[in-house]
Amino acid sequence: DRPGRLVEVNVVEGTRVRAGDVVARIDHEEQDAAVGRSRADLEVARRGAERAAATTARAAADEGRLRGSVESAAAQLEEAQAQLDFAREAEIRYEELLRQGIVQVERRDEAVRDRRAAEARATSANALLAGARSTLEVAQADIEVARRTQAEFEARAQSSESELTQALASLEKTFVRAPFDGVVVSKEAEVGEVVSP
């Protein structure tokens with residue numbers, strides 16, 4: 001507690017007071033500023049935590065959707081791979097039948113085209129799966145960043161609450177209160193004087 005300039009005296013000798021009545025006030029501009037700053041910091045931290053929580057929720061919802069996309073892409077790849085395996089077997093079979101003279105070259109060429117088309121679908125499905133996995137990883141990283149940001153803002157809010165409590169306590173000390181019910185018998189200071197705790 002530091003000395004301060006007396007800005008208000010609410011009693012004179014003979015004034016009746018009740019416990020807690022403000023009998024004088026010490027200049028508190030500095031404490032008011034500290035309270036205002038602490039309240040503003042607390043509000044900023046709370047809003048930041050709310051935004052980060054909303055971002056976390058959106059990212060978590062996206063993660064669920066993206067997991068579905070990965071599963072769908074994996075199923076498409078599995079189907080494309082099965083079709084490719086079937087097309088390769090068919091090409092081998094038609095190649096053998098062509099050598100035996102059972103089928104014409106056009107039928108074997110059709111099997112080659114089918115295999116190539118199946119390879120293209122499998123390559124495309126593989127790329128789709130890789131892209132879906134990559135997007136999911138980015139979303140998971142975004143969730144982690146949002147959670148850390150939220151935790152940071154929540155810690156700031158706690159710190160700001162503590163600072164606000166401290167600032168309010170300092171402000172309260174600028175109000176000189178009657179310690180008990182009674183009558184003022186002596187007034188030792190005047191407005192404008194510097195007083196000590």
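Biologist: In this predicted model, why is the contact of Glu119 with Arg115 called a salt bridge?

Modeller: The closest N and O atoms of Glu119 and Arg115 are 3.0 Å apart. The cut-off is 4 Å between a side-chain nitrogen of Lys or Arg and a carboxyl oxygen of Asp or Glu, so the pair counts as a salt bridge. Both residues lie in helix α2 (residues 105–172), 4 residues apart, about one turn of the helix.

Biologist: Why is Arg115 called buried or exposed?

Modeller: Arg115 has 15% relative accessibility. Buried means under 20%, so Arg115 counts as buried. Glu119 has a relative accessible area of 26%; that value falls between 20% and 50%, so Glu119 is partly exposed.

Biologist: What makes Glu152 and Arg156 a salt bridge?

Modeller: Their closest N and O atoms are 2.6 Å apart, and the limit is 4 Å, so the pair qualifies. Glu152 and Arg156 both lie in helix α2, 4 residues apart. Glu152, at 43% relative accessibility, counts as partly exposed, and so does Arg156 at 42%.

Biologist: Which residues are joined into one network by salt bridges that share partners?

Modeller: Arg88, Glu91, Arg115 and Glu119.

Biologist: How do you know that Arg156 lies over the face of Phe153?

Modeller: Arg156 is at 5.0 Å from the ring centre of Phe153. The distance limit is 6 Å, with CZ of Arg also within 35 degrees of the ring normal, so Arg156 is placed over the ring.

Biologist: How many aromatic pairs does a search of the whole structure find?

Modeller: The search finds 0 aromatic pairs.

Note on methods
Residues are numbered from 1 along each chain as its sequence is written. This is a predicted model: local features need pLDDT of at least 70, side-chain atom pairs count only at pLDDT 80 or more; totals for chains, interfaces and linings use all residues. Side-chain values use heavy atoms; hydrogens and water are left out. Rings of Phe, Tyr and Trp (its six-membered ring) pair if their centres lie within 6.5 Å; planes under 30 degrees apart count as stacked, over 60 as edge-to-face and the rest as tilted. Helices (H or I, at least four residues) and strands (E, at least two) are DSSP runs, numbered from the N terminus. Buried means under 20% relative accessible area, exposed over 50%, partly exposed in between (1.4 Å probe, protein chains only).
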